[in-house]
Number of protein chains: 2
Amino acid sequence: MVNYRKIINILGLLLLIEGFFIGLCVMVSFVYGGYDLPAFIKTFLIITAIGGAAFFSTRKEDSSIGKREGFIIVGLVWVMFSIFGCLPFVLSGATDSVTDAFFETMSGFTTTGATIFDDIEALPHGLLFWRSFTQWIGGLGIIVLSLAILPILGVGGMQLFIAEVPGPTKEKIHPRVKDTARRLWGIYIIFTGVQALLMLLGGMNLFDAVNHSFTTMATGGFSTKQSSIGHFDSAYIQYVIILFMMIAGTNFTLSYFALHRNFRKVWENDEFRFYLTVIGIFTLIISVGFIILGESSAENSFRTAAFQVVSIVTTTGYVTSDYLTWFPLFTVIIFLLMFFGGSAGSTAAGVKMVRVLLIFRNSHLELKRLIYPHAVMRVRFNKQVVSPRIISNVMAFVFFYIAILLFSVTVMGAMGYDFDTSFGAVAATLGNIGPGMGAVGPVESYSHIPVFGKWYLSFLMMLGRLELFTVLVLFSPSFWRK
Amino acid sequence: MVNYRKIINILGLLLLIEGFFIGLCVMVSFVYGGYDLPAFIKTFLIITAIGGAAFFSTRKEDSSIGKREGFIIVGLVWVMFSIFGCLPFVLSGATDSVTDAFFETMSGFTTTGATIFDDIEALPHGLLFWRSFTQWIGGLGIIVLSLAILPILGVGGMQLFIAEVPGPTKEKIHPRVKDTARRLWGIYIIFTGVQALLMLLGGMNLFDAVNHSFTTMATGGFSTKQSSIGHFDSAYIQYVIILFMMIAGTNFTLSYFALHRNFRKVWENDEFRFYLTVIGIFTLIISVGFIILGESSAENSFRTAAFQVVSIVTTTGYVTSDYLTWFPLFTVIIFLLMFFGGSAGSTAAGVKMVRVLLIFRNSHLELKRLIYPHAVMRVRFNKQVVSPRIISNVMAFVFFYIAILLFSVTVMGAMGYDFDTSFGAVAATLGNIGPGMGAVGPVESYSHIPVFGKWYLSFLMMLGRLELFTVLVLFSPSFWRK
């Protein structure tokens, strides 16, 4: 039997936490005096009332939750947060479409960064802050999810990345999650603060610095400016953001080790090396290309290339240059990079470097097995043998990713979008990136997508964010049996 | 030690066989009196001289060949056939570019059907016949390769499809290959003859009937007409071609069983059912769509949809309607179908139905394993358990397919082609289909591709035709070691 009482209890608690976050927005809105203040107050009241009722009416000592409840809660929390989190957009009148508001909020909590607003700078500070804040909260949530909860649920080979952070290793979910979470959140908060400070020093104002450090560390990509980071014509600020996007796209466990001066563990991590290699190679190709084409100075070429490569690989989605207008090769590269994704255990989404690496290594072995059919050869990761079970799991993940991608491209095609736009929109939402190609390119918004399309793409964002399996399993009949 | 003497001997023999085929073209050219006669005669002399010299100078009793020699021969034979087979195009002056001639010939032998000729009907009958004939020969070769040779070499999980045709099962390559080949070629020739006859009855002239039955059974797609099958405005002829494309895309072992009235074996074949299901579903979607859009009669809608779906799924590449001008959803579907490919053991190329099916089943199991982590669940195919080794092999194949695809898209991007064209050209050549998207769409040719691009795409055709591994293994250092 599924313990629905406990599920409602936990969701109620989480809703109260969202209420607390909305409370912070009330203050921001009050300070900046925007028209959105009443909307935030109403949202705060609604959320705390419903959250409180759900939480307190279902309290009961000693009831525990199992795997099944875990899947249901994880599957529902992003939906619940988006349903309630979209209220400020609707109640303030910033948009009169519930669909748009939901899309924007899901885009926030999933750290996607796709927007339906065509004039971002017209939004009041409270709403701008809430957009950035949803991403930061989403990033916070995903670190716990990917490093503490998903490995226990056995999702998508994530066992491989179970926090090696020293700590209690008892099998009960609760103490481990709590402990791991506390350490990783600490790092997340520290990095966010440091980045904001560095940007303040670069001349960015407090509001923009806070918002952009939120959406950088979450690899979210919402900006307070219509032209994204292109607005800040400062090499210093762009380099700071490049650096922190790279940190945000790195496994937070590695950051933990780095902060404890255990650099060997960082450097010997296969995924981290692969991540740096991919970024390095493609930055190099594009910057050299820019220099050869003679479009701008060497420094500017390097910065533009590095910024966009890092932004896409880490699934952030910030933009300093419209990559659709680049020389075709470079546009194609940017598009292909959408399928790598950042590191596991980071706030980045997508397929993830470690999966690409494992599949690459396994495929190379298959080639060798052709020549030495009787030799025993095993895939290794961080010098350890990877069990075939995990390889199979990773393969299945990639297959589902591709299958969902292709199916969704036909869904977009059914709405009359051309191949570029269809492919771009799906890759950018499933991969939690934000800007795509064609009519959803880096200088466009998602406002023109029909209602059904927006709900569908919102679903893709959640699917991509929750490592596919977590959501797919809820649609499997076997899950509900017995 | 690699037995180069034996390799040269076998290649010499194969070249003599190609010379025999060219001899047939000499006759065709003579009968139709085209300007290409001297070119065919010269080619015949060159090929038989070189082939004869290679064959007779290296004859030696009792030398056997191993796996390594097998890979080298398979890798070289398509290149050799194309190098010599392109001579008639060059020597006749039909094209003054060796690159174009090589591309066209490789496109023939790999049954791709991509052309560099912009005015096909201006070609003399001899050359038209040679184009179709290269495809038919390629189809003949691929049946033996995929059902008799590759399984022994252990390539790409093809062990799974080893001919179940009753026959000698000794482990030595020679007798098995010979026996299997004879039976399957018989079927191939019978089908080709029956199709030609049916088209003659439909009013097609002898030359067109023979050429199109050649390129249908080979799932090649070269036509003697500029507007492909669209030229023949006859429902009867189009239905005949649909039927025979479907037969050509079916495992020839199943056709063997069907001809021996063992229909149960055909119907219980999982791949065959999946193949029919895919064709059925997408034909249905597109025809219903056409009817709703009200563009033509129900029959015409069904025929146009079925023709193009079957043509693409079987990697034939015939065209009766420019699918790029269809409603976007249908264009996208056609494009996605390029990645299925026909059945293993047929003349079709691409990823192949059985691989898609196995990956689908394995991924579904992974989802179930999340819920029942301790249950033992195995993928089944034709009611038998599939070993994890084969699953891993199939996964590696698909990974290499995708990796090569994406890498090649960037190569095309580097030549300045947009995303549609890059993706389309790569998908259509790697999948041995022919027409792609964008500037290499169904009403365009490949003539505008730069020289390097043509050689690169020719390489992709071969890679796709030889199940990737057969070629890739030659590039692996371990292959050449010891």
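Leaving aside neighbours within four places in sequence, A:Arg369 is in contact with A:Asn362, A:Met377, B:Arg389 and B:Ser392. The model is a predicted one. A:Arg369 belongs to helix α15 of chain A, which covers residues 353-371. Its relative accessibility is 13%, and because buried means under 20% relative accessible area, A:Arg369 counts as buried.

Helix α16 of chain B comprises the 27 residues 388-414. At 1.5 Å a residue this helix should span 39 Å, and its end C-alpha atoms are 39 Å apart, so the expected and modelled values agree. Of the 27 residues of α16(B), 20 are buried, which means that the helix is largely enclosed by the rest of the structure. Just after α16(B), the backbone at B:Gly416 adopts a positive phi of about 95 degrees.

A nonpolar patch lies on the surface of chain A; A:Leu197, A:Leu200, A:Leu201, A:Leu206 and A:Tyr236 form it, and together they have about 510 Å² of accessible area. The greatest contribution to this patch, three residues, comes from helix α7 of chain A (residues 173-201). A:Leu206 is placed in helix α8 of chain A, residues 206-217. With a relative accessible area of 53%, A:Leu206 is exposed, because the cut-off for that class is over 50%.

The two residues with individual accessibility values are set out below.

| Residue | Helix | Relative accessible area | Class |
|---|---|---|---|
| A:Arg369 | α15 of chain A (residues 353-371) | 13% | buried |
| A:Leu206 | α8 of chain A (residues 206-217) | 53% | exposed |

Definitions and conventions:
Residues are numbered from 1 along each chain as its sequence is written. Chains are lettered from A and ligands numbered from 1 in the order in which they are written. This is a predicted model: local features need pLDDT of at least 70, side-chain atom pairs count only at pLDDT 80 or more; totals for chains, interfaces and linings use all residues. Side-chain values use heavy atoms; hydrogens and water are left out. Helices (H or I, at least four residues) and strands (E, at least two) are DSSP runs, numbered from the N terminus. The expected span of a helix is 1.5 Å times one less than its number of residues. Buried means under 20% relative accessible area, exposed over 50%, partly exposed in between (1.4 Å probe, protein chains only). Patches are made of residues with over 30% relative accessible area and no salt bridge: like charges are joined within 9 Å, nonpolar side chains (Val, Leu, Ile, Met, Phe, Trp, Tyr) within 5 Å. Accessible areas come from the Shrake-Rupley method with a 1.4 Å probe; for residues, only the protein chains shown count as cover. A salt bridge is a side-chain nitrogen of Lys or Arg within 4 Å of a carboxyl oxygen of Asp or Glu. Contact means heavy atoms within 4.5 Å.
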